[in-house]
Amino acid sequence: MKRLPLPRALLLCLGLALGGQALHAEPMPTIWDLSPLFASDDDWEAARKAVQADLPKLAALKGTLGKSAKSLRAGLDAISAANLRMDRLRVYASMKQSTDNRDSKNQERSGLAAQLDGEYGSTIAWLEPEIQALGEAKVMAFLKAEPGLKKHSEHLRNSLRQAKHTLSAESEAVIAALGPVRGATGEVRTLLFNANTKWPELIVGGKTERVDDTRYGLLRQNPDRAVRKQVFDAFFGAIGQYEDTYGVTLGNVVQDDTTMAKLRHYPSAVAMSLGSEEVPEAVYRTLVAEVHKGLPTLHRYFKLRQKMLGLPDLHYYDIYPALVTQNKQYSLDDAAALTLAATQPLGDDYQALLKTGFKANTMHALPAPGKRGGAYQDGVYGAPPFVFLNHQGEFESVSTFAHEWGHAMHTAMANRAQPYETANYSLFIAEIASTANEVLLSNYMRGQAASKEEKLYQLGYALERLRGTFFRQAMFGEFELNTHDAAAKGEALNGKRVTEIYCKLLKDYHGDAAGVMKIDPLYCQEWAFIPHFYRPFYVYQYATSITAALHFAEDILANKPGARDNYLKLLAGGGSVAPYQALKNAGLDMASPAPYQAVIKRMDAIMDEMEALLAAK
């Protein structure tokens, strides 16, 4: 594809990424400013007490919704306003704790937020049963009579749809009140992993390295195989000390999910999870089936990896080093410039919105002791999106930057186009915007490659993203199916049993029996490293999202008529349309095999290109 011209300022900004000097007048901020939410912790506490004091007013709305269309609107407006206040409290508390899990004040604030969330949920637990009791005919009549109800129409439709899975108001109140208790398991895991685990230290390159959640991700890429093995042994050895504890925490989450599915009259936990967002279970099942059909392509990649790294055999700790070494370091400024350059095909409006986001001082970017690992984006309607990173300077950090700012732009676009009630988008849609940015970045970097080695590096990186986001996340999704199936059959999910379930999948996906890759038993503890399992049936959406992102990005890059507009309309739609249907409206059926087969074909095509480059003199 023809390269798009870059503004002069952006070309200067790219200097450091390409080996020169960065010339930013205003460096990207690294510590976020949470004042758009609350000016201080004291203000947060005052707001918490104010919401708590207003709970009786919300309780008093019970029994009023059916009096008239205006009464229904007044009740739903009041609850929407309260929801937004709760969002601010939750997000502020969560983000403060993310920056330092060791701070007792942060822990206390998160606990108070969770406690209030339970009280709030219990207070309005009557809402869905009362809407459902009105019946479809009366709700439709009210919608016709009161234009102000339009923004609530999707909520009303969903509530009526879920009637058979909603319990009595009293039962819903009990479940809501137990929310903090039900959610505490994940908090236990977070504190054990991020605050209480004594992580080992290794000497790597003459420097003492702490092999914790954050540094593990970088150290496992070390070109020295002996170092990689040390890192894996140290990291999973530390986790393995708590196998029994992690088994209890994850087992509780799975059991809770399975029990809730029974209480809500779903045939399974996965049916409950997908049904709540109107995603057909066929999407999940088709993904897993097509991934299994594509395992020969994954194994082909592993064999290519072994060949390019010059290894006599392949172990699990050989997955992460780059196929071609690249020593470039990227600052946050570089990451911002490259993300802007890569997303130019999305148009001027997207670019302007992204630049506005960069200036908003809403990013917490660098690793720190006690800080949660990984990256995320969070936000509250009416405030700018917030981005949380652990930027370490390698290209993967650039890709993560582009990913999280993809989420941020999705949030900004939906908030701009939708009222609060329909701005919040589904998880099924969420990862498409972020992953599409990664695809665009990968395409841009390949176009910028000045040598065969640089192009091979980017092609190898693209392969690794497909392995990690398509195959690996599908494996995680299958793991969740298997653990929930075991719980539904009455099996006790202790640590050893969970490790056994995970180990079988790990070996199947990586071709252990066929001699493709050796899976060492210690590394089967990896399931305890994945926090997403504490949000059941979340991870499969990474695999479906990269599938959708590739579809949209490739159509946009090919200048297919209407492709960009369809994609941007999807993002701006927020939660105004059910997610599966929103994708169908944009021309993609995620319940069919074709999108997943296209991903596997793309992976084979990348390997064909790499092998041709390797063969060329």
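Q: Before we begin, what do buried, exposed and partly exposed mean here?
A: Buried means under 20% relative accessible area, exposed means over 50%, and partly exposed lies in between (1.4 Å probe, protein chains only). This is a predicted model, in which local features need pLDDT of at least 70 and side-chain atom pairs count only at pLDDT 80 or more, while totals for chains, interfaces and linings use all residues. Residues are numbered from 1 along each chain as its sequence is written, and side-chain values use heavy atoms, with hydrogens and water left out.

Q: Lys328, then: how accessible is its side of the pair with Glu454?
A: Lys328 has a relative accessible area of 24% and is partly exposed. Its side chain forms a salt bridge with that of Glu454 (3.6 Å, N to O); the term requires a Lys or Arg side-chain nitrogen within 4 Å of a carboxyl oxygen of Asp or Glu.

Q: Where do the two residues sit?
A: Glu454 is in helix 20 (residues 452–488) and Lys328 in the loop between helix 14 (295–309) and helix 15 (332–342), 126 residues apart. Helices are DSSP runs (H or I, at least four residues), numbered from the N terminus.

Q: Are Arg264 and Glu172 buried or exposed?
A: Both are buried, and their side chains meet in a salt bridge at 2.6 Å, N to O.

Q: How many salt bridges does the structure hold?
A: The structure holds 43.

Q: Which residues form a network?
A: Salt bridges link Lys70, Arg73, Asp77, Glu146, Lys151 and Glu421 in a network.
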